[in-house]
Amino acid sequence: MSEPKIKDVALIGGADFESNISNGKFVNFNRGFNEESDYNWNYLKGTKEEILKIQEKLDKKNMDTELFLADKAREEVLKIMDAKSPSLLHIATHGFYFPKKDNNIGNNKYIPYAGHANNKEPLLRTGLVLTGANQVWRYNRVPKNVDDGTLSGLEISNLDLSTTNVVVLSACETGLGDIDGSEGVYGLQRAFKMAGVDIIIMSLWQVPDTETAEFMNLFYSNWLGGMKIREAFKKTQKTMANKYRETPEKWAAFVLIE
């Protein structure tokens, strides 16, 4: 495959998961927070630092770059892009994948956002977490006529990202999904491919905030420094492997898929 051409870039990160703003409007959620919920998405300081450093590198190359930071790191941003999506899309946030369950969870048992965790559709059990998501995951209900702060694999698959040559998913478990015989993996990889993306960089397990930012900073330094994307990725892997010989879990999760 030929080297991807990058003309314009969108950087998304530093999402405010606690925000109660969706589609530019304040949403009043019912009271009833369940204290047993384990699904409060923690703020990722490294994602903000990561995209700001990448922005600096891109600015030096005079790249046409748009930044979606903090309260602007919303689900609707990607939906609005659609057929006018940039040639490079970098998303730094939480990612998730819920394995297929063999049995249904009873109605009396608390389910962390049942729309994802216990869904038969594999592309709804994987996704990216963006601004405002905690308000929905915490209360286990979605307000009407607003985005829920979670971009599922199914929603991604229905986008037109045919003008996007590269997607970098700087998030956890973005390479996971259900395996269905000869059909391969039903996950974000398939979702972005269905949307028309050529090259995807994603992770196979949970990745640490600090080292992930370090990995991405090195990758862009190599790539924008003149290396081809595959060469830059392999060089980054080698550098991180030498630095973290005893802890490969800090860097080895990332893969480049064509």
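Select Ile229, Ala232, Phe233, Thr236 and Met240: in helix 8, these residues are buried. Note before going on that this is a predicted model.

**Stop 1: helix 8**

Look down the axis of helix 8. Its buried residues fall within an arc of 100°, so they line one face of the helix. The general rule helps here: an α-helix has 3.6 residues a turn, so residues three or four places apart point the same way.

Now turn to the other side of helix 8 and select Lys234 and Lys238. Both are exposed.

Show the whole helix, residues 229–243. Helix 8 has 15 residues. From first C-alpha to last it reaches 21 Å, close to the 21 Å expected at 1.5 Å a residue.

What covers the buried residues of helix 8? The cover includes strand 9, strand 12, strand 13 and helix 7 (209–224). Display these next.

**Stop 2: alanine 253**

Move to the loop between helix 8 and strand 13, where alanine 253 is found. Is alanine 253 buried or exposed? It is buried, with a relative accessible area of 0%.

Select its partners. Leaving aside neighbours within four places in sequence, alanine 253 is in contact with Met202, Ser203, Leu204, Trp205 and Val207. Try a distance label too: the C-alpha atoms of alanine 253 and methionine 202 are separated by 7.9 Å. Along the chain, these two are 51 residues apart.

**Stop 3: the sheet**

Color the strands. Six of them form an open sheet, in the order 4-1-5-9-12-13. The pairing is mixed. At the edges sit strand 4 (64–69) and strand 13 (254–257), each pairing on one side only. Neighbouring strands of this sheet are turned by 10° against each other on average, direction ignored.

Zoom in on strand 5 (residues 88–92) and strand 9 (residues 166–170). They run parallel, and five bridges join them. Select leucine 89: valine 167 in strand 9 stands opposite.

**Stop 4: helices on the sheet**

Add helix 1, residues 45–60. Helix 1 lies across strand 1 (8–13), strand 4, strand 5 and strand 9. It runs at about 165° to strand 4.

Then add helix 6, residues 188–195, which also packs on the sheet. Helix 6 touches strand 9, strand 12 (199–203) and strand 13. How is helix 6 directed with respect to strand 12? The two directions make an angle of about 160°.

Key:
Residues are numbered from 1 along each chain as its sequence is written. This is a predicted model: local features need pLDDT of at least 70, side-chain atom pairs count only at pLDDT 80 or more; totals for chains, interfaces and linings use all residues. Side-chain values use heavy atoms; hydrogens and water are left out. Two strands pair if DSSP finds at least two bridges between them. Helices (H or I, at least four residues) and strands (E, at least two) are DSSP runs, numbered from the N terminus. Axes are lines fitted to C-alpha atoms, for helices over the stretch in contact, and angles run from 0 to 180 degrees between N-to-C directions. Contact means heavy atoms within 4.5 Å. The expected span of a helix is 1.5 Å times one less than its number of residues. Buried means under 20% relative accessible area, exposed over 50%, partly exposed in between (1.4 Å probe, protein chains only). The arc is that of the directions from the helix axis to the C-beta atoms.
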